[in-house]
Amino acid sequence: MTFDRKIKIAPSILAADFANFGAECAAIEAQGADWVHVDVMDGHFVPNITFGPATCAAIRPHIKGVMDVHLMIAPVDPYIDAFAAAGADVITAHVEAGPHIHRTLQAIRAAGARAGIALNPGTPASAVEPLLDMIDLVCVMTVNPGFGGQKFIDMTDKVCALRRMIGDRPIHIEIDGGVDPDTAPLVARAGADVLVAGSAVFRGGSVSNPEPYGDNIRAIRAAAEGVYA
Ligand code: DX5
Ligand code: ZN
């Protein structure tokens with residue numbers, strides 16, 4: 001994984017066909033996805049349940065690029081090694097998921113993965129400040145985590161504050177929730193480089209008709225890159 005600040009589109013397989021993850025991952029990559037975003041939910045930290053490390057390990061051989069695992073679970077620490085062994089390139093934990101985020105980030109890097117920290121909409125940018133030298137990614141949630149297809153919550157000021165705080169450090173700013181061609185420019189302009197999108201990528205397509213995935217990815221990327229034009 002090399003670092004750059006170019007716009008990267010990370011489709012969330014939360015909006016894919018759960019009976020066909022392997023083919024869905026291959027389809028979105030063939031249609032231009034940069035990263036694959038994998039949402040793990042436990043029915044405790046968030047009100048929904050998805051899947052765990054065994055599913056991530058099963059998906060891994062179908063992803064050529066970056067597997068970006070977003071843990072919406074509490075506790076986190078007992079499962080870090082299992083997600084790293086499953087082949088996660090990035091493991092992101094929520095700052096709200098427990099009292100020891102510093103220890104969690106240490107454990108993620110010790111397990112050989114890139115460390116991400118996610119902030120719920122109600123959590124300020126300042127929560128990241130003491131952890132800047134321990135992270136490779138900050139995920140700014142623009143919905144309350146738990147479900148796909150929710151309305152975008154404007155976190156532009158938080159993204160701007162994080163961008164300033166990060167300076168020249170090689171830390172990605174990822175946006176997760178409600179990203180589509182209308183909202184992507186707002187966060188790209190504020191300094192985000194990884195755009196997660198579930199419904200806005202998978203809508204209209206399927207593994208047997210994957211071209212709409214490509215159209216959707218290109219539309220989000222063009223909207224985000226347009227802010228630099
Ligand atoms: C929400 C998840 C998101 C979700 C985004 O808890 O973390 O990754 O899949 O879905 P959309 O793009 O539909 O808001
Ligand atoms: Zn996510």
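This tour moves through a predicted model, beginning at ligand 1 and ending at a cis peptide bond.

**Stop 1: ligand 1 and its shell**

Select ligand 1 and display the residues around it. There are 20 of these, and Asp39, Gly149, Asp176, Gly198 and Ser199 come nearest. Colour the shell by residue class: eight of its residues are nonpolar, 10 are polar and two are charged.

**Stop 2: polar contacts of ligand 1**

Next, show the backbone of Gly198, where an N or O atom lies 2.7 Å from an oxygen atom of ligand 1. Gly146 also offers a backbone N or O atom, at 2.8 Å from an oxygen atom of the ligand. Then add the side chain of His70, in which an N or O atom is 3.3 Å from an oxygen atom of ligand 1. A surface calculation completes this view: ligand 1 taken alone exposes 380 Å², and the protein buries 99% of that area.

**Stop 3: the largest pocket**

Keep ligand 1 visible and turn to the space that holds it. Ligand 1 sits in the largest pocket. Which elements give two or more residues to the shell around the ligand? They are strand S2 (35–41), strand S3 (66–72) and strand S8 (194–197). Of the elements, S2 gives the most, with three residues.

Now hide the ligand and examine the pocket itself, which encloses about 360 Å³ of space. Its lining comprises 28 residues; Gly148, Gly149, Gly177, Gly178 and Ser199 lie nearest the centre. To see the secondary structure behind this lining, select S2, S3, S8 and helix H7 (199–202), each of which supplies at least two residues. By class, the lining of the largest pocket divides into 13 nonpolar, 11 polar and four charged residues.

**Stop 4: the second largest pocket**

Move the view to Met1, Thr2, Asp4, Lys6, Ile7, Lys8, Asp34, Trp35, Val66, His172 and Arg221, the residues that line the second largest pocket. The volume here is about 160 Å³. The lining consists of four nonpolar, two polar and five charged residues.

**Stop 5: the largest cavity**

Keep Met1, Thr2 and His172 selected, as they also belong to the lining of the largest cavity. Complete the selection with Phe3, Arg114, Asp136 and Pro170. How many cavities of 30 Å³ or more does a search of the whole structure find? The search finds one. The largest cavity contains about 30 Å³ of space, and its lining divides into three nonpolar, two polar and two charged residues.

**Stop 6: a cis peptide bond**

Finally, select Ala74 and Pro75. Most peptide bonds are trans. The bond that joins Ala74 and Pro75, however, is cis, with omega about 0 degrees. To place Pro75 in the fold, display S3 and helix H3 (80–85): the residue is found in the loop between them. S3 has already appeared on this tour, as one of the strands that give two or more residues to the shell around ligand 1.

Technical notes: Residues numbered from 1 in each chain as written. Chains lettered and ligands numbered in written order. Predicted model: local features only at pLDDT ≥ 70, side-chain atom pairs only at ≥ 80, totals over all residues. Heavy atoms only, no water. Near = heavy atom within 4 Å. Polar contact = N/O pair within 3.5 Å; in protein donor to acceptor, adjacent residues only side chain to side chain. Areas by Shrake-Rupley, 256 points an atom, 1.4 Å probe, with all protein chains shown as cover. 1 Å grid on protein atoms, 1.4 Å probe; cavity = no way out; pocket = protein on both sides within 12 Å on 5 of 7 lines; lining within 4 Å. Sits in = over half its atoms within 2 Å of the grid points. Helix = DSSP H or I, 4+ residues; strand = E, 2+ residues; numbered from the N terminus. Nonpolar A, V, L, I, M, F, W, Y, C, P; charged D, E, K, R; others polar. Points joined across faces, edges and corners; volume = space filled by probe spheres on them.
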